[in-house]
Amino acid sequence: MFLTQDVYPKYYIYAYSTVAYTGIIRDLMDGAGLTKRAYYYYEKDQFHPYTIPKSYTDYVRGYTMPQIESSLEGARTADDWKTNLKTMYKNETESQLDDAFTFWSIK
């Protein structure tokens, strides 16, 4: 979604399933401030029709798409990915990565 909007600025998605997609890529790049999302609730492979609202303040910013892509190389887990971001690139907001990964349920 984020890359699509980057290429086609007028393209707008009103909502997307946080079960299938995550906003972590945008958060790594933009430092948008307060982020709110509604999470669909699953239990034992059963979808529940209500959502769980969540929010956090996104302080992470400044990572580039090439940095994000290269930090994924060799990462087998989200923790590997986060560690690669911290060790491969100097970023003044890297101390906030844990909050971003936790918010997007990428542990």
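**Exercise 1. Determine which residues distant in sequence surround Asp 58, and whether Asp 58 is paired or unpaired in charge.**

*Solution.* Step 1: list the contacts, a contact being a pair of heavy atoms within 4.5 Å. Not counting residues up to four places away in sequence, Asp 58 touches Asp 27, Asp 30, Gly 31, Ala 32, Gly 33, Leu 34 and Thr 35. The model is predicted, so that local features need pLDDT of at least 70 and side-chain atom pairs count only at pLDDT 80 or more, whereas totals for chains, interfaces and linings use all residues. Residues are numbered from 1 along each chain as its sequence is written, and side-chain values use heavy atoms, with hydrogens and water left out.

Step 2: place the residue. Asp 58 belongs to strand S2. Helices (H or I, at least four residues) and strands (E, at least two) are DSSP runs, numbered from the N terminus.

Step 3: look for a charged partner. A salt bridge requires a side-chain nitrogen of Lys or Arg within 4 Å of a carboxyl oxygen of Asp or Glu. Asp 58 is buried yet has no salt bridge, and the nearest side chain of opposite charge, Arg 61, is 8.0 Å away. In this count Lys and Arg are positive and Asp and Glu negative, while His and the chain ends are not counted. Buried means under 20% relative accessible area, exposed over 50%, and partly exposed in between (1.4 Å probe, protein chains only).

Step 4: look for a polar partner. The backbone nitrogen of Val 60 is reached by the side chain of Asp 58 at 3.1 Å. Such a polar contact is a pair of N or O atoms within 3.5 Å; within protein, one must be able to donate a hydrogen and the other to accept it, and residues adjacent in sequence count only if both atoms are side-chain atoms.

**Exercise 2. Describe the surroundings of Tyr 56.**

*Solution.* Step 1: Tyr 56 lies in strand S2, which covers residues 46-58. Tyr 56 counts as buried because its relative accessibility is 11%.

Step 2: leaving aside neighbours within four places in sequence, the contacts of Tyr 56 are Asp 27, Gly 33, Leu 34, Thr 35, Asp 99, Ala 100, Phe 103 and Trp 104. With Asp 27, Tyr 56 shares a side-chain polar contact of 2.6 Å.

Step 3: compare sequence and space. Tyr 56 and Phe 103 are 47 residues apart in sequence, and their C-alpha atoms are 7.0 Å apart.

**Exercise 3. Trace the salt bridges that involve Lys 82 and Asp 98.**

*Solution.* Step 1: Lys 82 forms a salt bridge with Asp 79, at 3.7 Å from N to O. Both residues lie in helix H4, 3 residues apart, about one turn of the helix. An α-helix has 3.6 residues a turn, so residues three or four places apart point the same way.

Step 2: Lys 82 also bridges to Asp 98, the closest N and O atoms being 2.8 Å apart. Lys 82 is in helix H4 and Asp 98 in helix H5, so this pair ties together parts that are 16 residues apart in sequence.

Step 3: Asp 98 and Lys 86 meet in a further salt bridge of 3.3 Å, N to O. Since Asp 98 is in H5 and Lys 86 in H4, the pair ties together parts that are 12 residues apart in sequence.

Step 4: classify the members. Lys 82 is buried at 15% relative accessibility. Asp 79 is partly exposed at 38%, as are Asp 98 at 32% and Lys 86 at 31%. Asp 79, Lys 82, Lys 86 and Asp 98 are thus linked in a network of salt bridges.

**Exercise 4. Identify the buried side of helix H4 and what covers it.**

*Solution.* Step 1: in H4 (residues 78-88), the buried residues are Ala 78, Trp 81, Lys 82, Asn 84 and Leu 85. They lie on the same side of H4 because they cover an arc of only 155 degrees around the axis, taken from the directions from the helix axis to the C-beta atoms.

Step 2: the cover over these residues includes helix H2 (24-30), helix H3 (65-72) and helix H5 (97-103).

**Exercise 5. Name the residues with the most partners in the largest nonpolar core.**

*Solution.* Step 1: a nonpolar core is a set of buried Ala, Val, Leu, Ile, Met, Phe, Trp, Tyr and Cys residues joined through side-chain atoms within 4.5 Å. Of its 15 residues, Ile 24, Leu 28, Tyr 63, Trp 81, Leu 85, Leu 97 and Phe 101 touch the most other members.

Step 2: H2, H4 and H5 are the elements that give two or more residues to this core. H5 supplies the largest share, 4 residues.
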